[in-house]
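Reader: I'd like a close look at one part of this model, the places where its pieces touch. Could you walk me through that in one go?

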Amino acid sequence: MTTLTIDNLQVSYTVGRERLDVVRGVSLEIEPGQLLAVVGESGSGKTTTAQAATGLLAGNGSITGGRVLIGESDVSGWSEKRFRDLRGRSIGWIPQDPNNSLNPVKKVGESVAEVLRIHRWKDRAARRARVIELLDYVGIPNPELRATQYPHELSGGMKQRVLIAGAIALEPALLIADEATSALDVTVQAKILDLIDTLRRDSGTAVLMVTHDLAVAADRSDRLVVLRDGTVQESGDTDRVLAHPESAYTRRLLKDAPSFASLSLGDSLRLDSTPPAKPEISRGERALHVVEREVFEGVSHRSEDVDGSDAPVVVARNLVQDFGRAGAPQRAVDNVSFSIAPGSTHAIVGESGSGKTTTARIVLGFQKPTSGTVHIHGREITGLRGAGLRELRRRVQMVYQNPFGSLDPRQSIGDIVTEPLRNFGIGDAAERRTRVAQIIDRVALPATVLTRRPHELSGGQRQRVAIARALVPGPDVVVLDEAVSALDVTVQARILELLGELQRDLGVSYLFISHDLAVVRQLAHTVSVLRGGELVEEGRTARVFDHPEHEYTRQLIAAIPGRRAAAAGALASA
Amino acid sequence: MKYVLGRLGQAAAVLLAAFTVAFVLLQAMPGDALMIKFENPELGLSPDQIAALRVAYGADTPLPIQYVHSLLGFLGGDFGYSIQSGTPVKQLLAEVVPGTLLLASLGFVAAVLLAVGITILANLPGLRRIADVFRALPSLFVAVPVFWLGIVLIQVFSFQLRLIPVVNPGPVEGLILPVLTLAVPISAPLAQILIRSVDDVLGYPFVAVVRARGAGPWWILSKNVARNAVLPAFTMAGVLFGELIGGAVVTETVFGRAGVGRLTEQAVSQQDTPILLAVVLLSATVFVVINLVVDLLYPVLDPRLGARKRGIARISRERKVVAV
Amino acid sequence: MSVNERETRASSLPDPFVPIRRSLRERIGRPKVSVVLSVVWLLIVIAWAIIPQAFTPLDPIAGNAAQAQQPPSLEHLFGTDATGRDMFTRVVYGSINSLSGALIAVSVGFVIGTAIGVIAGSSRRILDDILMRIVDVFLAIPSLLLSLSIIILLGFGTAQAAIAVGFTSVAAFARLSRSEVVRVRGSDYVEAAFASGGRFPVVLWRHVLPNSLTAVLALAALQFGTAVLSISTLGFLGYGAPPPTPEWGLMIAEGRNYIATAWWLTTLPGAVVVLVVLAANRVSAAIAAKGRIS
């Protein structure tokens, strides 16, 4: 018996007087024990489809056509009351962001027990035993203790396990995972996905997985449905879709997704921009000795001695950053060193709490390190103030993760991009205009954006504006802090291409901060891997990825989703 | 423990500063009330007599000494003497505090009931259609002048409906209208913050999760939203107390009840600054104590804060990726 | 290969990354009826204050004893008082007292409070702490008592009452403007402005202040209503304008003596106060809501 059937589903939202058709004829079927992934970029209607299956559409949304069958009963016309009995009992829901999805003033055991209480499952003692059993099953160590803790005492991955425990408490036939691992670190993500796989094997639960991440979907699903603008672009067995995608859109997604690009399509971007050879080699050598600190420091000295154009633009040495009270400081960055060759990209990768953003802020002069030095073109910059700091900022610019938050909503794009020129007193009004026009053209934006305000632009366009602003004063180094992480994959691919082009043409160096190893592999020449503030591995990107020396690096790389797709892609192209 | 001590010290500092502000405003500025009273030609006092009186009231000593003197007096529970009647302020206050305390506590309880009632009615699943009416109620309540409300209530209940006698009402009857008058404006900000925080909490992801587990709206409101939504209201306790004092001044004046408010109103009319100084300081003390209690109690009510105060909060500025 | 081709998605889901190109009118949205009514009503009351003679031919001070104590009628919309003065005329002429008083009060609170808040929010820890502790002290004294203390100092009168009321809102303005400045200062675009070589005063002027202002303006509108209330309260207690000034609070106080026989003397002026405060609060909410959208 098919667990979930969606047949030509149509959903609209009413906004003001307008009717927006968000889902326009989506069909899919999930058999018991199967995992079907619905993949799409933002606005594709993937979440709406999942919501419609549980009757959880927002107040202004309604099913305007098609059928939804849970088991054999058509639920599309059901009342809220009838749906309520279904939810939790027949359909389990794993939410997107585990950090806000548990009642903060409830103990986690009570949160799990809640679904049992709602459906009046047995008595108090039986519920308590069931909660412990569930927490144990989802892999929470010491469940008796954990059940009495509050959500803020648990890590993100742990919270997601608790939420899964609640979702499967009544052994529903169908589990809906709505971007259930998107907010998690990559190693945690892999473990949660493993848990969902175990669950399917153990109890034959069918899973509807909603995700923007094609790599995750490809790795874990039996069937794939690719959505765009509320319509199905492609649907079928995952292996078939990966090997022989039928729609152009799917092909583009496969091409743009960074993990596939780096594993199957090779190092196109990276090889395009040929970095200076000499520092590359010396950095490679250094990486071999990275574990032995003395040797490492000796080499750092030598790299400073290198004269002329081969000298690194940025040399950071033994950075330490403590936060908090003097008595009990918390060490965010612990003895981190790296350098960036001119015209190359150095990436700092790590999961949350690894200290990568703090390191970037030190290089930008926003944060004075507790100890350690940063030299830019041989000049020490830590602790700079006033005129010295402003001079530094002309040379080191930054692009933020969130392109909406980093542009002043009240200014026009023209004002935003001109601002660095005005601040640094570069050129007169006419020259500034020319220069801004050039740079806007250079980031492939039409000149008409100059009079627009940030909210009128798309995310990708805004990020181009942020890049233009960073480049307009002619910096030597641009710090990219998760600069492509918030973008859809196709937009992300275009921005990465742009960054590669700009580096080739302008010779600018990048310090690329990211949690996304797939993207890093695509863009960076050299890479530092951070964990808990410490440098665990460093070296040329190809070497680190192909022959990781440190156990943690191996774990990280193993956790990158997209292997199966890459294999299929390689097969297809072979 | 260290936190509690620090918080106590902070409270004491605020009180000292409040005393200083009140002292500067009421005692140290020129044109003091003594002169107004005794230089009145009708009294026919000679300059010598005035000087003697000033010595008696301690008005001739330099300001810093006056300041220390009053401060020590206040710490020892001595609030000085009323200029008009010469009675110790402490005695005047002792006579009227119980009455005001009764009025204020009843008014507060009524306000809380009113606010909670409005919030529930504004969110009741069955009442969606008329919820907007209840949502608009607090905005109406804040716009109503307390004194006018009292007068209108007297007009309606005493003169039109003749339910409550104006002259010599019984102790209970006499309290109904004043309590109501006091409660309405106090309930308004409370209801506003409750309604808003219920709305906020309803938008949190965890509510969606509970919904997806099959909970109905009533279950969500009572078992999940209520506790989260009540928390912000506690931070208003101090401000509400201030409103109660202000409300008492007006209510007692309108209804002609003896009380701290009435005493204050008369003190201002007669420029009797020692009384006002004492009332200001007593209120500031109660305000600070309320806030102190709320602050110390809050971590007990909200488990997250306990952790944050103990410094377990994450230090890293690392940002989570925004999921698309 | 244009950018738009690459990036524009036809979907019109409410997604923050979809390009939104809307006219000003669309962005503000169709103005709500209640907001329009509020603005119109406030404009009428302002007109009363500026040109009262256009609304009533009668005199607010001199009464006609022959027409004393008349209930509301077409001739006397709000009735007449014990000395035969037309109450509607007195309400119209009284608006100048309430409005100018509220304006003074809001200005005092706005200027002092926002100055303290902006300085505290944009300076280092120590100064910030000192300023905010001072503000805490003002918060610790109940607002009516604070204004009474100031009135004892300044003496009775409309302007004095207005200033006293203004001081009670200093703390609210200071706290809000500080938190807004701190919020905006923590935003990426302000950091980006520093990264673009901006000096502190420039960044403050160009980015921080414009983006902090909406919330403070909303508070100003809210405080306007509150000030009208407080000033009428002080007038009622007898600390504002002296009789026979047609001040709303004072008129209600005078009407109290006839509470058993002439309900209109207290009820109708009070209703006008309620409507003015309601309207000001409604406008405030609209400003705040608009700030959240843009």
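Author: Sure. A quick word on terms before we start: domain bounds here come from an automatic or database domain assignment. Also keep in mind that this is a predicted model.

With that in hand, chain A splits into domain 1, residues 4–256, and domain 2, which is made of 266–377 + 509–574. Where these two meet, domain 1 of chain A brings 17 residues to the contact and domain 2 of chain A brings 14 residues. Over on the domain 1 side of chain A, the residues losing the most area to domain 2 of chain A are A:Asp185, A:Val186 and A:Asp219, and together they make up 41% of what that side buries. As for the total, about 1,200 Å² is buried between domain 1 and domain 2 of chain A, with carbon and sulfur atoms giving 56% of it.

What about polar links there? Between domain 1 and domain 2 of chain A the count is three residue pairs in polar contact, both partners at pLDDT 80 or more, while the rule finds zero salt bridges across that interface. On the domain 1 side of chain A, at least two residues each come from helix H7 (186–203), helix H8 (214–220) and helix H9 (238–243). By class, the residues on that side of domain 1 of chain A that touch domain 2 of chain A are eight nonpolar, four polar and five charged.

Now for the contact between the chains. Chain A puts 52 residues into it and chain B puts in 34 residues. About 3,900 Å² is buried between chain A and chain B, and carbon and sulfur atoms give 56% of that area. In chain A, A:Val105, A:Ile118 and A:Gln401 lose the most area to chain B, together 15% of what that side buries.

The rule finds one salt bridge across the interface of chain A and chain B. In that salt bridge the side chain of B:Arg211 meets the side chain of A:Glu80, at 3.6 Å from N to O. Polar contacts between chain A and chain B come to 13 residue pairs, again with both at pLDDT 80 or more. Several elements of chain A each supply at least two residues to the side touching chain B, including helix H2 (80–86), strand E6 (91–94), helix H3 (108–118) and strand E12 (330–340). Sorted by class, the side of chain A that touches chain B has 18 nonpolar, 22 polar and twelve charged residues.

Note on methods:
Residues numbered from 1 in each chain as written. Chains lettered and ligands numbered in written order. Predicted model: local features only at pLDDT ≥ 70, side-chain atom pairs only at ≥ 80, totals over all residues. Heavy atoms only, no water. Contact = heavy atoms within 4.5 Å. Buried area = accessible area lost by both parts, 1.4 Å probe. Salt bridge = Lys/Arg side-chain N within 4 Å of Asp/Glu carboxyl O. Polar contact = N/O pair within 3.5 Å; in protein donor to acceptor, adjacent residues only side chain to side chain. Helix = DSSP H or I, 4+ residues; strand = E, 2+ residues; numbered from the N terminus. Nonpolar A, V, L, I, M, F, W, Y, C, P; charged D, E, K, R; others polar.
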